[in-house]
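Let's take a walk through this protein together. Have the sequence and the 3D view at hand as you read.

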Amino acid sequence: MSFAVKEENGFKYIEEGEGEVLLLLHGLFGALSNWEDVTNQFSGKYRVVIPLLPIYELPLLTTGVTTLAKHVHKFVKFKKLQNINVLGNSLGGHVGLIFTLSHPEFVKTLVLTGSSGLYENSFGGSFPRRESYDFIREKVAYTFYDPKFATKELVDEVFGVVNDRNRVIRILAMAKSAIRHNMAKDLHKITIPTCLIWGRDDRVTPPEVAEEFHQLLPNSELNWIDKCGHAPMMEQPEEFIVYLRKFLDRVLLK
């Protein structure tokens, strides 16, 4: 990725461009690079900020989605961000939802893609064959509609994580936290404009999850991307960007 990662006050993040703030939140196995195409397209008009979520650095007893949301709040206050447009993929969407509910005064719009918070079909809570490279490759490919996106670089990265004991126990703790923290009863409280961009072939948070989010979020729109899995901004970036731009133009130019 061509963007420089900044380190300040214990935070690691990317910041590009000026204007309205786009705060991008990555998923459990995600990385800052997952948002590369979005950053390239929007940093000319927006201030794109991508914090690195400290999934592997948290004390085990406090590893969970609410702790990550608190980290985002501390980061937002440190950077003095206001009127934020929050975009979250997978676990990042879940964190964005919790942050929005806890601190609505900071958030102007919300964009969710493949978000957890209602249901997710992840690794299944354990890694019985984590030493098997082929098994991990299959699991990474499961994330996408087109398995070509499960590159050797990506599979190597996930394989390294799940074979690092300190990291894998935090991954499992975070995944269990996300599953336990169901938000169905609270979503009606989020009344800001919300854009759902979903892969029709998402097997981790299937289409019915998107439909439920759409029903429970009172001011939401739902956009589908065909031949697309759990990470539309990576697998179908052009279509994702079209939906995102239309949404932002409509709600921010009012």
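Below we look at a pocket, a buried residue and some salt bridges.

Keep in mind that this is a predicted model. A good place to start is the second largest pocket, which holds about 460 Å³ of space. Its lining is made up of 23 residues, and His26, Gly30, Leu52, Leu53 and Tyr56 lie nearest the centre. Strand E2 (11-16) and helix H5 (152-162) are the elements that give two or more residues to this lining. By residue type, the lining of the second largest pocket has 13 nonpolar, six polar and four charged members.

Next, find Thr113 in strand E6 (residues 107-113). With a relative accessible area of 1%, under the 20% cut-off, Thr113 counts as buried. Among the residues that Thr113 touches farther along the sequence are Trp35, Asn89, Trp198, Met233 and Phe240.

Strand E6 also brings us to the salt bridges, of which the structure holds nine. In one of them, the side chains of Glu20 and Lys108 meet at 3.0 Å, N to O. Glu20 sits in the loop between E2 and strand E3 (21-25) while Lys108 belongs to strand E6, so this pair ties together parts that are 88 residues apart in sequence. Glu20 is partly exposed at 27% relative accessibility, and Lys108 is partly exposed at 29%.

Helix H5 offers a more local pairing: Lys152 and Asp156 lie four residues apart, about one turn of the helix, and their side chains form a salt bridge of 2.8 Å, N to O. Here Lys152 is exposed at 59%, whereas Asp156 is partly exposed at 31%. Finally, salt bridges with shared partners join Glu15, Arg47 and Lys79 into one network.

Technical notes: Residues are numbered from 1 along each chain as its sequence is written. This is a predicted model: local features need pLDDT of at least 70, side-chain atom pairs count only at pLDDT 80 or more; totals for chains, interfaces and linings use all residues. Side-chain values use heavy atoms; hydrogens and water are left out. On a 1 Å grid over the protein atoms alone, a cavity is a set of points where a 1.4 Å probe fits but cannot get out, and a pocket is an open set with protein on both sides within 12 Å along at least five of seven lines; lining residues have an atom within 4 Å of a point. Grid points are joined across faces, edges and corners, and a volume is the space filled by probe spheres set on the points. Ala, Val, Leu, Ile, Met, Phe, Trp, Tyr, Cys and Pro count as nonpolar, Asp, Glu, Lys and Arg as charged, and the others, Gly among them, as polar. Buried means under 20% relative accessible area, exposed over 50%, partly exposed in between (1.4 Å probe, protein chains only). Contact means heavy atoms within 4.5 Å. A salt bridge is a side-chain nitrogen of Lys or Arg within 4 Å of a carboxyl oxygen of Asp or Glu. Lists of a residue's contacts leave out its neighbours within four places in sequence.
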